Amino acid sequence: MINYKHSADELASIFAANKSLVIDDFLEPTLAESLYNWFNAEMPPEWWFASFKNPGFEEKQEKNYKDVKYLQRTEQNKELIDFELKKCNYSLSKGYFSYMFDRTTAHKPTCPCPECTFVKNLNSTTVLDFLSAIIGEQLTHTNETFASKFMSGEFLGPHHDLNKGKVGFVLNLTKDWRPEYGGLLHFLTDDYKQVTKVVLPEFNKLTLFSIPKKGGIPHYVSHVNPGVELNRISYTGWFS
C-alpha cells in the first residue's frame, strides 16, 4: 500500500524538527490511481454530502434543518447549499469558525467499496507501525476519516484539531492543481496571526501533522477561486 522508497528514519528527523511532514508519492502508484478514479469519476455522486458550519445565524425553524450537518449533493438541494455557502462566508468575515466543502460519510461495516478497503488498510499493522516510527509514538487506529471535495468558492476556516487524535493527515488525490486555483493548506502560528507553511495539494502527497495535547496546530484551507473547474479532492482523518 505505502510506497516504501522513503526512509522512515529520515522522515522521523524532519517530523521531530517541524511537528509536521509532507511526503511525496506516499501510496503505491496503482493504489493512488485507483483512489483517484474512485473519488473523481466512479463513486456515485449522491455519496457526496455538503458539510458546513456557519455560526452567528438564527435557525429558520420552518426549513426544518436546525440539526443538519450535511446536505446530500443533489439538484434538489442546490439552492439551499448555495444559500448555506453565503452564510458560511459571512460567518468567516465576522470571525467565526466556518466552512463549506463536500465529504463522504461512514458506510456499512460490510461495504466493499475502494474507500472502505483503503480505511481498513490504514488500520493495518504495517501502516500504523510505519507512521509510528515517523512520529515517535505508537499509533493503534484511525479515528474519523473521510474524503473531502472542495469546489469553487468552498473553504475551511482557521481551526485546530485538538482532541481529534495524536496526528492528523491529508492525502491529496487531485491532479494538475495549480497554486492560483486556491484551496491551499496553510499552517499558522499559535496566535493565528502568521502563516508558517503552505502546502499545494499535489497528487499522492501526504501531509502529516502533530496535534499537541496543549492545543492543536492552527491551519486552514483557502477558498477555491471562482471559475476553477477542477475539484480539490483529498482523504483526511486522524490517528491515535
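## Exercises on helices, a pocket and a cavity

Just after α3, G95 adopts a positive phi of about 90°. Helices (H or I, at least four residues) and strands (E, at least two) are DSSP runs, numbered from the N terminus. The model is predicted: local features need pLDDT of at least 70, side-chain atom pairs count only at pLDDT 80 or more, and totals for chains, interfaces and linings use all residues. Residues are numbered from 1 along each chain as its sequence is written, and side-chain values use heavy atoms, with hydrogens and water left out.

### Exercise 1

Compare the expected span of α3 with the distance between its end C-alpha atoms, and determine how its buried residues are arranged.

*Solution.*

1. The expected span of a helix is 1.5 Å times one less than its number of residues. For the 16 residues of α3 (residues 78-93) this gives 22 Å, and the end C-alpha atoms are 23 Å apart, which agrees.
2. Buried means under 20% relative accessible area, exposed over 50%, and partly exposed in between (1.4 Å probe, protein chains only). In α3 the buried residues are I81, E84, L85, K87, C88 and S91.
3. These residues cover an arc of only 165° around the axis, which puts them on the same side of α3; the arc is that of the directions from the helix axis to the C-beta atoms.
4. An α-helix has 3.6 residues a turn, so residues three or four places apart point the same way.
5. Exposed residues E79, K86 and S93 sit on the face of α3 turned away from its buried side.
6. The cover over the buried residues of α3 includes β2 (49-53), β3 (70-72), β4 (99-103) and β6 (155-159).

### Exercise 2

Identify the buried residues of α4 and the elements against which they pack.

*Solution.*

1. E115, C116, F118, V119 and L122 are the buried residues of α4.
2. Seen down the axis, they fall within an arc of 160°, so they line one face of α4.
3. They pack against α2 (29-42), α5, β5, β7 and β12, where contact means heavy atoms within 4.5 Å.

### Exercise 3

Describe the largest pocket and the largest cavity by volume and lining.

*Solution.*

1. On a 1 Å grid over the protein atoms alone, a cavity is a set of points where a 1.4 Å probe fits but cannot get out, and a pocket is an open set with protein on both sides within 12 Å along at least five of seven lines; lining residues have an atom within 4 Å of a point. Grid points are joined across faces, edges and corners, and a volume is the space filled by probe spheres set on the points.
2. The largest pocket holds about 500 Å³ of space. Its lining has 27 residues, with F101, F146, L156, H159 and W238 nearest the centre.
3. Ala, Val, Leu, Ile, Met, Phe, Trp, Tyr, Cys and Pro count as nonpolar, Asp, Glu, Lys and Arg as charged, and the others, Gly among them, as polar. The pocket lining has 13 nonpolar, seven polar and seven charged residues.
4. The largest cavity has a volume of about 50 Å³. Its lining is formed by F26, F118, L122, L131, F169, L171, L206 and F239, with eight nonpolar, no polar and no charged residues.

### Exercise 4

Decide whether S148 and T140 are buried or exposed.

*Solution.*

1. S148 belongs to strand β5 and counts as buried at 4% relative accessibility.
2. T140 lies in the loop between α5 (125-135) and β5, and is exposed, with a relative accessible area of 51%.
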